[in-house]
Amino acid sequence: MTHPFASSQALPVHQDPYFFLSYARIPSTEEERSGEHPDQDLVDFHRELCRHIMQLTDHDGSEPPGFLDRRMGIGADWERNLKEALATCQVFVPVYTKRYFSREWCGKEWDAFARRQALQHLTKPYTVNAIVPVLWLSPAHLDLPPVAEAVQYIHPDLGASYLKMGLYGLREAGYAIQYRRAVWGIAQTIVKVAQRARLEPCDPALFDDLRNVFEEGP
């Protein structure tokens, strides 16, 4: 019988993604199809997080320290790649938007990471929660499902303006200093949580029957 945890020799720990950025894509409008992609702000955020984490860790840089599925090439087996990243990443980073909680696959990504954490709790019951939510919008624009309400997203060290407006709100309102401070704080939180949780890789087969946990009750 195959042990649910993957072999530690399969991939060196320092090469595993520090985080998996889980987000809902924004559909392109007719005007945008010939110009900048509507998710460019989020891609920029991912790049900034990766840059900070390269400074904060000894990640070798052979792959970006944060997984973003938009980087997969044409013809890639996207579901297999996603599951492999979810099976090896250290921290799950859901980007809270109105659209995020209405997307089935986002709910399945959450379920995958939650299963992996539950598996580790069988042998290491005091493992810290390695889900680090990001407020992209103000909480006033969000309707959190029960599974998300149970996860702490208020981190005072990220600044009151971040908690009030979210990253996108800060960026669009011209609060560049507050935006950069919040991104730096999120990067530090990701690294700290990764070091405390020390989440073991798992066999991606654990994710064979994923469900959308956003549609479930308390």
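These are legends for a set of views of a predicted model, starting with the whole protein and then moving in on a few spots.

**View 1. The whole predicted model, with six helices and four strands.** Going along the sequence, the elements run β-α-β-α-β-α-β-α-α-α. Of the 218 residues, 47% are buried. If you look at contacts between residues at least 6 apart in sequence, 77% of them join residues at least 24 apart. The protein exposes about 11,600 Å², and carbon and sulfur atoms supply 51% of that area.

**View 2. Strand S3, residues 91-96, enclosed by its surroundings.** Six of the six residues here are buried, so the rest of the structure largely encloses the strand. In a regular strand, side chains alternate between the two faces of the sheet. For S3, one side carries Val91, Val93 and Val95, while Phe92, Pro94 and Tyr96 sit on the other. Each of those sides is covered, with all of these residues buried.

**View 3. The strands that pair with S3.** Strand S1 (residues 19-22) pairs with S3 in the parallel sense, over four bridges. Look for leucine 21, which stands opposite valine 93 of S3. Strand S4 (residues 134-135) also pairs with S3 in the parallel sense, this time over two bridges. Here valine 95 has valine 134 in S4 as its bridge partner.

**View 4. Helices H1 and H6 crossing each other.** The axes of H1 (residues 40-56) and H6 come within 9 Å and cross at roughly 55°. That angle is why the pair counts as oblique. The crossing of H1 past H6 is right-handed. On the H1 side, the residues that meet H6 are Phe45, Glu48, Leu49, His52, Ile53 and Leu56. Their counterparts in H6 include Tyr179, Val183, Trp184 and Ile186. Further along H6, Ala187, Gln188, Ile190 and Val191 are also part of this meeting.

**View 5. Arginine 198, in the segment after H6.** Helix H6 covers residues 176-197, and arginine 198 is in the segment that follows. Is arginine 198 buried or exposed? Its relative accessible area is 59%, and exposed means over 50%, so arginine 198 is exposed. Setting aside neighbours within four places in sequence, arginine 198 is in contact with Gln90 and Gln120. Valine 128 is also worth finding in this view: its C-alpha atom is separated from that of arginine 198 by 8.8 Å, with the two residues 70 apart along the chain.

Notes
Residues are numbered from 1 along each chain as its sequence is written. This is a predicted model: local features need pLDDT of at least 70, side-chain atom pairs count only at pLDDT 80 or more; totals for chains, interfaces and linings use all residues. Side-chain values use heavy atoms; hydrogens and water are left out. Buried means under 20% relative accessible area, exposed over 50%, partly exposed in between (1.4 Å probe, protein chains only). Contact means heavy atoms within 4.5 Å. Accessible areas come from the Shrake-Rupley method with a 1.4 Å probe; for residues, only the protein chains shown count as cover. Two strands pair if DSSP finds at least two bridges between them. Axes are lines fitted to C-alpha atoms, for helices over the stretch in contact, and angles run from 0 to 180 degrees between N-to-C directions. Angles under 35 degrees count as roughly parallel, over 145 as roughly antiparallel, 65 to 115 as roughly perpendicular and the rest as oblique. A crossing is left-handed if the near helix is turned anticlockwise from the far one by less than a right angle, and right-handed if clockwise.
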